[in-house]
There are 2 protein chains.
Amino acid sequence: MNRIITVGRQFGSGGRELGKRLADELGCPYYDKDIIREIAARTQLAESYIQQVLEHRPSYFFPITTGNTLHSTTPDYLLHQHTSVYTEQVNTIREMAEKSDCVIVGRCADHILREFRPFRLFVYADMASRLERCRKKAPEDEALSDKELKKKILRVDRNRARYYRYYTGQVWGQPANYDFCINTSWVNIKAATHALAQMIREEPLP
Amino acid sequence: MNRIITVGRQFGSGGRELGKRLADELGCPYYDKDIIREIAARTQLAESYIQQVLEHRPSYFFPITTGNTLHSTTPDYLLHQHTSVYTEQVNTIREMAEKSDCVIVGRCADHILREFRPFRLFVYADMASRLERCRKKAPEDEALSDKELKKKILRVDRNRARYYRYYTGQVWGQPANYDFCINTSWVNIKAATHALAQMIREEPLP
């Protein structure tokens, strides 16, 4: 079985950087936006639409029970489309994992690939260092006040948590669901990645 | 400033083993029971009594407010003794940290030494592997059924959580309070320790 590393991450914590560095160290592919491109190609839907679907759980899809009757609050075709996108995500991620060792960031990959026994990382940081990282990485956020940027960070994380909960039934970021949780507020990502890569290489294949 | 590593750990997760190995790798002292011995020497109280005090928050010490009057539910001398033990714990741990690099397991050391900017580890595992580890490490637990042993594990953890909350005001095991959280259900402790030691050596001193 291939060696799969999944990376869950709080927005602005440097999870993507850690994932990329890890893939480089291990000499294996790193998947992130590629998943969205692949789903778009398979479903013939726009990447931007896929992105939007994948960043929100379909909360408004929950059926409402009134008396003994179930009412759906969304048109069937929309529900079907969201489900198709998720199904394609599952297929795409499974195919990636079957092809070779790889690092996959986000996308509930830890849950989707649970039979592969992936090495599951979760990357997080305190708000001050996430604000700093966001400012460095996305200069377009410079127009936002600290308060607005913090609101954005919390909104993205809330959506990730809801999405994860909806599709996996698990709590996003809960240590029990991961093998290693790394606080990048103080830990140096480069040094951490180097050490993790060495450790992962030493672990027997699942 | 010395390099201090603190290890919080769920009961049966292998935190002590990880702490010991880390101290060996880094060539620095490892403190655990030594703290209790030192407090006993300083306070002239029995080690077993110190152990008992340090494993329970003094919940029954919370003063009760009735109207504008404060009532204590415990005799003053007992409250005083518990506070003395905690004060000696703080002094002992600070002196250890001032003396040299070291690894300290438990005892709210992450909080007590926060000005030292310790590298804060938390070690945890799922119940199945904690049961297995407890059986291996403490043959006297063999007489307990799985249900009883699980109850014991949960009780020890509950006491640790309450104690930590009482003295630090923080949530025990909450990732935000640690730099690295390690799930030993799957991660090999020996390999993880080696990687952590390497990473810690590469980090600049606080």
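**Exercise 1. The core**

Of the 90 residues in the largest nonpolar core, which touch the most other members? Determine also what I104(B) is in contact with, leaving aside its neighbours within four places in sequence.

*Solution.* The structure is a predicted model.

Step 1. Four residues of this core touch the most other members: I104(A) and L121(A), together with I104(B) and L121(B).

Step 2. Take I104(B) and set aside its neighbours within four places in sequence; its contacts are then I4(B), T6(B), Y31(B), I93(B), M96(B) and A109(B).

Step 3. A general tendency may be recalled here: in soluble globular proteins, nonpolar side chains tend to be buried together.

**Exercise 2. The sheet**

State the order of the strands in the open sheet of 10 strands, and explain why β2 of chain A and β2 of chain B each have one side without a neighbour in the sheet.

*Solution.* Step 1. The order is β2(A)-β5(A)-β1(A)-β6(A)-β7(A)-β7(B)-β6(B)-β1(B)-β5(B)-β2(B), and the pairing is mixed.

Step 2. β2 (30-31) of chain A and β2 (30-31) of chain B stand at the edges with a single partner strand each, so one side of each lacks a neighbour in the sheet.

Step 3. Strands β7(A) and β7(B), residues 180-183 of chain B in the latter case, pair in the antiparallel sense over 3 bridges. Within this pairing, F180(B) is the bridge partner of I182(A).

Step 4. In chain B, β1 (residues 4-9) and β5 (residues 102-105) pair in the parallel sense over 4 bridges. Here V103(B) of β5(B) stands opposite I5(B).

**Exercise 3. The side of chain A that touches chain B**

Find how many residues of chain A are in contact with chain B, and describe the side of chain A that touches chain B by class.

*Solution.* Step 1. The contacts join 21 residues of chain A to 21 residues of chain B.

Step 2. β7 (180-183) and α8 (189-202) of chain A each supply at least two residues of this side. α8(A) gives the most, with 7 residues.

Step 3. By class, the side of chain A that touches chain B holds 14 nonpolar, 3 polar and 4 charged residues.

**Exercise 4. Helix α7 of chain B**

Compare the reach of α7(B) with the expected value, and list the buried residues of α7(B).

*Solution.* Step 1. α7(B) (residues 146-168) has 23 residues and reaches 32 Å from its first C-alpha to its last, close to the 33 Å expected at 1.5 Å a residue.

Step 2. Its buried residues are L149(B), I153(B), R160(B), Y163(B) and Y164(B). What covers them includes α6 (127-137) of chain B.

Step 3. Just after α7(B), G169(B) takes a positive phi of about 75°.

Notes: Residues numbered from 1 in each chain as written. Chains lettered and ligands numbered in written order. Predicted model: local features only at pLDDT ≥ 70, side-chain atom pairs only at ≥ 80, totals over all residues. Core = buried A, V, L, I, M, F, W, Y, C linked by C-beta atoms within 7 Å. Buried ≥ 20, exposed ≤ 12 C-beta atoms within 10 Å, placed from the backbone. Contact = placed C-beta atoms within 7 Å. Expected span 1.5 Å × (residues − 1). Nonpolar A, V, L, I, M, F, W, Y, C, P; charged D, E, K, R; others polar. Pairing = 2+ DSSP bridges.
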